[in-house]
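Here is a short briefing on one protein chain. Keep the sequence and the 3D view open while you read.

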Amino acid sequence: MSALGLFALAAAVLVLAPCAILALECLAACLPPRRQRLHVVRAPETVVLIPAHDEEQCLPVALRSIEPELAESDRVLVVAHNCGDRTAMVARALGASVLEVRDDGTGGKPAALVAGLRHLDSDPPEVVVIVDADCRVEKGAIRALAMAAAESGGPVQGDYRFASETDDDFGTLSSLALLVKNVVRPLGLTRLGLACLLNGAGSAYPFRPLRDAPHGEGSIAEDYQLAIDLAKRGFPTRFVPEARVRSVLPGRHDAALRQRRRWEHGHLALVSRTAPLLLLRGLFTLDRHVFSLGVDLLVPPLAFLVLAWTASAALALADLALTGRSAATWTVFAAAALLFAGVGSALLRFAGPRTLIATLRRAPGYVLAKLPLYLGFFARRETRWRKTERTSTQGAPAADETRHERSGTGS
């Protein structure tokens, strides 16, 4: 086999593997749900921890959605982290406890969480639920998260979805890509009996494991890193689909791109740096949860995967044209079939047929628009945690605001 043939086949196999993993996770999520029986007989004492940096505009929506969910023994702690606005004042006015923190500002959200957890050391709760200040918690979510964390003895992740504030293709398809990443894939892994990754807001933890965790040190994908660190310590994450938390993607295109840059550069760094180590650790320790996280991390962001498939398809077709060998071509066709089966079934099940058709029409432009973001990973990748700038009126979405949720069937 020629050098071109070997290179084309290797590229095709490298694309086939994440496509197969993605298809398995998505198809598993489409299976009928299993009934979960909780053995916890009482609700654990819970603190809802909200890290906030200049969130006076959207914080009231979050707090008002949380307040009806609290039991008498529960508390809300807002960590006003390097705030220059009235975040602390607004939180106190709405009945929350407030911890005001000032530091050098380089630690971002993980630093705020660490400060809040240290503050709770003097009177620790049984469970900590983390909610971002720009979210809206749906009915029953806090109790479902707290009960599930107490039952499992480890972290749990709720159904965390984003609405698009704009009607453009970038916002709409970003929202759908996050639906697959934050809801479909974790649900599939949990139904397979495997650990999933944390996706930020709407997560819950027994206090001590969370307090002792490194909190994403060394990674701007801090939620993913936290899930990895906890799984290594014997606390794998489980998905709780009945606990729903909602947020809105940034309305400004430049802010949305910066947010996606941080998320996806952090994700890609974990794909190349962390996933192989997790696979080896899982094999040597026979820890299926650590191994499954390594497998899950092999799947890059969807747009990146499509671009990688396109490049491998071009190589395969060149090899076919020049040498007549078809092994690479058949491999990339198999990858395409798996990619379409996985994402297509997920969107059909969770967003509806109209959304699936619209996505197929809009996807090429969306993928091309993200090409500079991925080139930046290799040339000048994001390495610092930066807060996403939001419009002054942007907050958590109202009920049924997410378009693809209205046509879907839920999880």
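The notes below cover confidence, the sheet, the cores, two buried sites and the salt bridges.

This is a predicted model. Mean pLDDT for the protein chain is 87, and 86% of the residues score at least 70. An open sheet of 8 strands is present, and the largest nonpolar core has 38 residues.

**Confidence**
- Residues 398-411 have pLDDT below 50. Beyond near neighbours in sequence, that stretch still has 42 contacts in the model.

**The sheet and its helices**
- Strand order is E3-E2-E1-E4-E7-E6-E8-E5, and the pairing is mixed.
- Strand E3 (97-101) and strand E5 (136-137) stand at the edges. Each has a single partner strand, so one side of each lacks a neighbour in the sheet.
- Strand E6 (residues 156-163) and strand E7 (residues 203-206) run antiparallel and are joined by 2 bridges. Gln157 has Ser203 in E7 as its bridge partner.
- Helix H4 (residues 108-120) packs on the sheet. H4 touches strand E1 (46-52), strand E2 (75-81), E3 and strand E4 (127-130). The directions of H4 and E2 make about 135 degrees.
- Helix H6 (residues 169-191) also packs on the sheet, touching E6 and strand E8 (238-248). The directions of H6 and E6 make about 160 degrees.

**Nonpolar cores**
- In the core of 38 residues, Leu22, Tyr366 and Tyr374 have the most contacts inside it.
- Elements giving two or more residues to this core include helix H1 (3-29), helix H9 (253-273) and helix H12 (302-323). H6 gives the largest share, 10 residues.
- Leu22 touches residues including Val180, Leu302, Leu339 and Val343, leaving out residues up to four places away in sequence.
- Another core, of 37 residues, lies apart from this one. Among its members are Leu59, Val76, Cys83 and Val129.

**Helix H8 and the loop after it**
- Helix H8 (residues 222-232) is mostly covered, with 10 of its 11 residues buried. Charged residues are not excluded: Glu222, Asp223 and Asp229 are among the buried ones.
- Gly234, just after H8, takes a positive phi of about 95 degrees.
- Thr237 sits in the loop between H8 and E8. At 3% relative accessibility, Thr237 counts as buried.
- Contacts of Thr237 include Pro155, Val156, Gln157, Cys196 and Ala227, not counting residues up to four places away in sequence.

**Asp319**
- Which element holds Asp319? Asp319 is in helix H12.
- Is Asp319 buried or exposed? Relative accessibility is 2%, so Asp319 counts as buried.
- Asp319 and Phe7 are 312 residues apart in sequence, yet 9.3 Å apart in space, C-alpha to C-alpha.
- Beyond four places in sequence, the contacts of Asp319 include Ser2, Leu4, Gly5 and Ala8.

**Salt bridges**
- The whole structure holds 14 salt bridges.
- Glu138 pairs with Arg136, the closest N and O atoms being 3.7 Å apart. Glu138 is partly exposed at 23%, while Arg136 is buried at 14%.
- Arg246 also pairs with Glu138, at 3.6 Å between the closest N and O atoms. Arg246 lies in strand E8 and Glu138 in the loop between E5 and helix H5 (141-152), so this pair ties together parts 108 residues apart in sequence. Arg246 is buried, at 2% relative accessibility.
- Asp212 and Arg208 form a salt bridge at 3.6 Å between the closest N and O atoms. Both lie in helix H7 (residues 207-212), 4 residues apart, about one turn of the helix.
- Shared partners join Arg136, Glu138, Asp159, Arg161, Arg244 and Arg246 into one salt-bridge network.

Note on methods
Residues numbered from 1 in each chain as written. Predicted model: local features only at pLDDT ≥ 70, side-chain atom pairs only at ≥ 80, totals over all residues. Heavy atoms only, no water. Pairing = 2+ DSSP bridges. Contact = heavy atoms within 4.5 Å. Axes fitted to C-alpha atoms, helices over the stretch in contact; angles between N-to-C directions. Core = buried A, V, L, I, M, F, W, Y, C linked by side-chain atoms within 4.5 Å. Buried < 20%, exposed > 50% of the residue type's maximum accessible area, 1.4 Å probe, protein only. pLDDT = per-residue confidence, 0-100. Salt bridge = Lys/Arg side-chain N within 4 Å of Asp/Glu carboxyl O.
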